[in-house]
Amino acid sequence: MSQSISAARVSTLVGDFPRSPAYVGLADALRELIGDGRIGYGTRLPSERDLTAALGVSRTTVTRAYATLRDSGYAEARHGSGTFTRLPGGPTRAHDRALWPTNVSSGVIDLVCAAATAPPGIAAVYAEAAAAIPAHLGNHGYYPAGLPDLQAAIAASYDARGLPTSPDQIIVTAGALAATAVVGRALAGPRDRVLMESPTYPNAVQALRTGGGRLVTVPLDPDGWDLDTVAGVLAKRSPRLVHVMPDHHNPTGLVMSERDRAAYARLLAEHGATAVVDEAHHMLQLGEAPPLRPFASYAKDAVTVGSASKSVWGGLRLGWIRAPHDLVDQLTRARVGQDLGAPVLEQIVLTRLLTGDIDAVLAPHLQRLREQRDALCAALAAELPDWTFRKPAGGMALWCHLPEAGATALSVEAERHGVLLAPGPSFAPEGGLDRYLRIPYTVPAHDLEDAVRRIAAAWAVVTRAGAGAATVPVRGRRAGVLVA
């Protein structure tokens with residue numbers, strides 16, 4: 001069943017488009033919305049009659065705009081069914097290699113990997129943990145659900161956030177992606193649909209579909225979650241799982257409001273869908289506003305995935321699942337099918353962090369991210385003033401909107417200038433978003449400033465040549481582990 005969009009929603013999205021002539025302005029507005037992914041790939045557009053009434057234009061205007069979309073490869077007509085969105089070249093994601101670990105040569109600035117170096121004090125915690133290892137050598141060392149002390153410490157962290165949690169609701173894994181894969185394997189089989197946002201963290205897409213679940217997408221607006229559209233997709237597609245990132249969304253940096261969390265949870269309950277809540281970035285709070293209540297406070301059957309790798313250090317390869325009691329056994333069995341437990345040393349390290357003064361460890365880490373974020377914002381404003389972005393209240397990256405499509409071409413040209421970038425299509429499960437670019441602020445400020453100068457030079461080349469003029473290499477997928 002194809003997704004559709006109402007005439008009223010299209011009217012809101014296109015806004016006050018240019019009307020000289022009107023059909024060209026409408027076609028351009030729709031092309032941008034389709035290319036950016038705000039109107040998803042394969043979506044059935046409103047009928048000409050309905051859109052004519054919603055926009056207050058002539059039928060000829062809408063007819064010619066739809067014809068222009070078809071001629072330019074952004075739509076197709078299906079006999080007896082209507083007009084459906086397309087993308088020139090199909091729903092491909094360019095530069096797949098941008099999401100894999102890279103061996104960065106000297107002088108190259110890697111702005112693909114959104115991961116920071118370890119905060120001060122981590123080495124001392126590892127040394128203390130190593131001294132505690134002998135106490136664990138008298139047993140087999142397998143803890144499929146995690147060290148009991150770590151389970152208790154993670155549960156207590158949810159208690160402190162206003163979400164009562166018992167230690168037996170926690171399953172410790174080797175990273176958040178491993179946790180997400182466990183959830184996908186346990187709860188979404190080949191006949192089940194898995195709803196993901198677009199844009200979203202691409203590695204989560206593959207992890208959540210480990211059990212064979214079928215992908216369904218819903219566009220995420222630049223300003224936040226459109227719950228009317230979400231409700232429509234839930235009603236028509238009946239997904240089993242719904243992946244949500246309410247805190248410092250990757251890549252957009254958006255934070256879901258308390259009201260939207262409650263409303264979203266009600267929608268999920270009405271349609272029998274289970275939320276998979278990705279909280280990998282929730283501790284990376286860079287603004288003054290207090291953190292919001294966990295999404296699972298509103299959705300009692302939600303499965304939450306957490307991460308120490310993003311919030312502390314990528315080398316601390318630990319994540320976890322917080323699950324309702326009635327799903328713990330099912331998730332634990334799926335986890336044992338993947339591995340028998342996370343490394344004991346790392347679990348001791350995280351236990352000591354969570355039961356000690358973790359705020360003292362995170363404070364310099366967050367301050368460094370805050371300074372680097374501000375340096376990146378200032379550099380972009382100076383070098384690329386026609387680019388727009390929202391200054392995020394947390395997380396690790398800016399989501400930049402380019403004045404014209406060309407993020408994929410820019411990533412090719414920027415590599416020639418010594419900067420590695422992940423273009424918007426990398427974060428679009430079904431294509432689009434070529435007017436967006438994610439730029440992490442996880443490297444030192446002077447490197448960010450240098451990178452922006454190089455990006456500006458590369459963008460000048462792309463815009464002079466025309467975004468379509470750059471040759472994008474086709475790179476096959478390689479075996480390995482996706483990161484960042």
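**Exercise 1. A salt bridge between helices**

Which residue's side chain does Glu48 meet in a salt bridge, and at what distance from N to O? Place both partners in the secondary structure of this predicted model.

*Solution.* Begin with the pair itself: the side chains of Glu48 and Arg59 form a salt bridge with an N to O distance of 3.2 Å, which lies within the 4 Å that the rule allows. Next, locate the two residues, since Glu48 belongs to helix α3 (residues 48-55) and Arg59 to helix α4 (residues 59-71), the pair thus linking distant parts of the chain that are 11 residues apart. Finally, set the pair in its context, for the structure holds 15 salt bridges.

**Exercise 2. The interface of domain 2 and domain 3**

Describe how domain 2 and domain 3 meet, working from the division of the chain to the residues at the interface.

*Solution.* Start from the division of the protein chain, which gives domain 1 (7-85), domain 2 (92-115 + 360-469) and domain 3 (133-356). Taken over C-alpha atoms, the centres of domain 2 and domain 3 are 26 Å apart, and 27 residues of domain 2 are in contact with 27 residues of domain 3.

For the extent of the interface, take the buried area, which is about 2300 Å², with carbon and sulfur atoms giving 60% of that value.

Then turn to the specific contacts: the rule finds one salt bridge across this interface, alongside nine residue pairs in polar contact, both members being at pLDDT 80 or more. On the side of domain 2 that touches domain 3, α14 (358-383), β11 (397-401) and β13 (436-440) each supply at least two residues, and α14 gives the most, with seven residues. By residue class, this side of domain 2 divides into 17 nonpolar, four polar and six charged residues.

**Exercise 3. An aromatic pair**

Classify the ring pair of Trp399 and Phe427, and state why the pair ties together parts that are apart in sequence.

*Solution.* The structure holds five aromatic pairs. In the pair considered here, the ring centres of Trp399 and Phe427 are 5.7 Å apart and the planes stand at 85 degrees, so the pair is edge-to-face, given that angles over 60 degrees count as such. Because Trp399 lies in strand β11 while Phe427 lies in the loop between β12 (419-423) and β13, the pair ties together parts that are 28 residues apart in sequence.

**Exercise 4. Backbone exceptions**

Find where the cis peptide bonds of Ser20 and Pro21 and of Ser198 and Pro199 lie, and then examine the phi of Ser238.

*Solution.* As a reference, most residues other than glycine have a negative phi, and most peptide bonds are trans. Ser20 and Pro21 are joined by a cis peptide bond with omega of about -5 degrees, and Pro21 lies in the loop between α1 (7-14) and α2 (22-36). A cis peptide bond also joins Ser198 and Pro199, with omega of about 10 degrees, and Pro199 is found in the loop between β5 (193-198) and α8 (202-208). Lastly, Ser238 has a positive phi of about 45 degrees although it is not a glycine, and its place is in the loop between α9 (227-237) and β7 (241-244).

Terms used
Residues are numbered from 1 along each chain as its sequence is written. This is a predicted model: local features need pLDDT of at least 70, side-chain atom pairs count only at pLDDT 80 or more; totals for chains, interfaces and linings use all residues. Side-chain values use heavy atoms; hydrogens and water are left out. Domain bounds come from an automatic or database domain assignment. Contact means heavy atoms within 4.5 Å. Buried area is the accessible area (1.4 Å probe) that two parts lose on being put together, summed over both. A polar contact is a pair of N or O atoms within 3.5 Å; within protein, one must be able to donate a hydrogen and the other to accept it, and residues adjacent in sequence count only if both atoms are side-chain atoms. Helices (H or I, at least four residues) and strands (E, at least two) are DSSP runs, numbered from the N terminus. Ala, Val, Leu, Ile, Met, Phe, Trp, Tyr, Cys and Pro count as nonpolar, Asp, Glu, Lys and Arg as charged, and the others, Gly among them, as polar. Rings of Phe, Tyr and Trp (its six-membered ring) pair if their centres lie within 6.5 Å; planes under 30 degrees apart count as stacked, over 60 as edge-to-face and the rest as tilted.
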